[in-house]
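The following exercises are to be worked with the sequence and the model at hand. Each task is followed by a solution in steps.

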Amino acid sequence: MAASPSTIAAPELYSHPARRASLGEGLWVSRLLPSRQQRMVGAWCFADHFGPSPVPPGKKAMDVAPHPHTGLQTVTWLLDGELLHNDSLGSRSIIRPGELNLMTAGHGISHAEETPPEHSNNLHGLQLWLALPDNQRNCEPSFQHHRELPRLDEDGSRLQVFIGSLGELYSPAQVFSPVVAAEISLQAGAGTRLPLNADWEYALIIVEGELQVTGTQQSLGTEALHYLAPGAQQLDLVSDTAARAILIGGAPFTEAIVMWWNFVGRSAEDITQARADWQAGTRFGTVTAYRGERLPAPELSGRPRASR
Ligand code: MN
């Protein structure tokens, strides 16, 4: 039996400002996770929002040279434009809006991401990381590109689920924790109701316009991670203007992780070993399709520590 709206409390909401981070070559992004206030949301341990940025003809809005990953999955989701992914397994993929690039680093992989030679005039998207649970974090690396992802259009709202499931929509992408990621688009004046798992935590990342959560007086905007604490069973969103948001969520991640540069481990030793392996040219393979030098690891200053 459905409870009447008045008996359902609005979710407990905390907004944490993004910080600007540089990916090199003049590319600035909004880093939403991790922050001092919020280290993770479920297994989500990293979130960058880049653009919207103009891309002049013949220029690369993004050019991130080969770099390694371990202990995580990278999730690339575009709102506009395109990106070329090349990795040390030989995977090559051009991703466009509405498609998913999912790279499972497992024990070790390296990749490069750049604007392809043929491109449109804007780039806008997100890169998210999922920490792998301990029993999967040293698995074989793999790469998946998904073009067909479930979508629901309804009364001025569109929902597209690219990781996990939400309501009746299931993403085919392979993940290893109970998690979700979805894009929500609202036309001006439209609203939507999303079912939530009361045991999970969630966050909204607004990528265009502003949204209101019914039952709160706040308007949620870009440049912040809007954290929703466990306990809510649904989320009612409305918008006066056209708006788009990404919802991420999952069961609270119970393992303490150590995150440094592009590595997720469980101890300082995991991190120093991964760094040494990259510098020695072992473990992470070679991205042969990329023209240019690979990224050197930064200096380790101090001992990497667990984040929770
Ligand atoms: Mn990467």
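**Exercise 1. The surroundings of Tyr202**

Tyr202 counts as buried, because its relative accessibility is 3% (buried means under 20% relative accessible area, exposed over 50%, partly exposed in between, with a 1.4 Å probe and protein chains only). The model is a predicted one, in which local features need pLDDT of at least 70, side-chain atom pairs count only at pLDDT 80 or more, and totals for chains, interfaces and linings use all residues. Residues are numbered from 1 along each chain as its sequence is written, and side-chain values use heavy atoms, with hydrogens and water left out.

Task: Determine in which strand Tyr202 is placed and with which residues it is in contact, leaving aside neighbours within four places in sequence.

Solution.
1. Tyr202 belongs to strand S18, residues 201–208 (strands are DSSP runs of E with at least two residues, helices runs of H or I with at least four, numbered from the N terminus).
2. Beyond its sequence neighbours within four places, Tyr202 has contacts with Val41, Val180, Leu196, Asn197, His226, Tyr227, Leu228, Leu247, Ile248 and Gly249 (contact means heavy atoms within 4.5 Å).
3. A polar atom of the Tyr202 side chain lies 2.7 Å from the backbone nitrogen of Asn197.
4. Between the C-alpha atoms of Tyr202 and Ser185, 17 residues apart along the chain, the separation is 17 Å.

**Exercise 2. The manganese ion**

Task: Identify the protein donors of the manganese ion and state their spacing along the chain.

Solution.
1. His67, His69 and His111 are the protein donors, each through NE2, and they lie 2.1 to 2.2 Å from the manganese ion (donors are N, O and S atoms within 2.8 Å of the metal, or 3.2 Å for Na, K and Ca; water is not among the atoms, so sites may look incomplete).
2. Along the chain, the donors follow the spacing H-x1-H-x41-H.
3. His67 is buried at a relative accessible area of 5%, and His69 is buried at 1%.

**Exercise 3. Cysteines**

Task: Explain why Cys139 forms no bond with the closest cysteine sulfur.

Solution.
1. The structure has zero disulfides (a disulfide is a pair of cysteine sulfur atoms within 2.5 Å).
2. Cys45 is in no disulfide, and its nearest cysteine sulfur is that of Cys139, 14 Å away.
3. For Cys139, the closest cysteine sulfur is that of Cys45, and 14 Å is too far for a bond.
4. Cys45 is buried at 0% relative accessibility, and Cys139 is buried with a relative accessible area of 18%.

**Exercise 4. Strand pairing**

Task: Give the strand order of the open four-stranded sheet, then trace the pairings of S4 with S3 and S11.

Solution.
1. The open sheet has the order S17-S22-S19-S20, with antiparallel pairing (two strands pair if DSSP finds at least two bridges between them).
2. Strand S17 (191–195) and strand S20 (219–220) are at the edges; each has a single partner strand, so one side of each lacks a neighbour in the sheet.
3. Within this sheet, S19 (residues 211–213) and S22 (residues 234–238) run antiparallel and are joined by two bridges, with Val213 opposite Leu237.
4. S3 (residues 28–33) pairs with S4 (residues 44–54) in the antiparallel sense over four bridges; Leu33 has Ala47 as its bridge partner.
5. S4 also pairs antiparallel with S11 (residues 122–131), over eight bridges, and Asp48 is matched there with Gln127.

Note on methods. A polar contact is a pair of N or O atoms within 3.5 Å; within protein, one must be able to donate a hydrogen and the other to accept it, and residues adjacent in sequence count only if both atoms are side-chain atoms.
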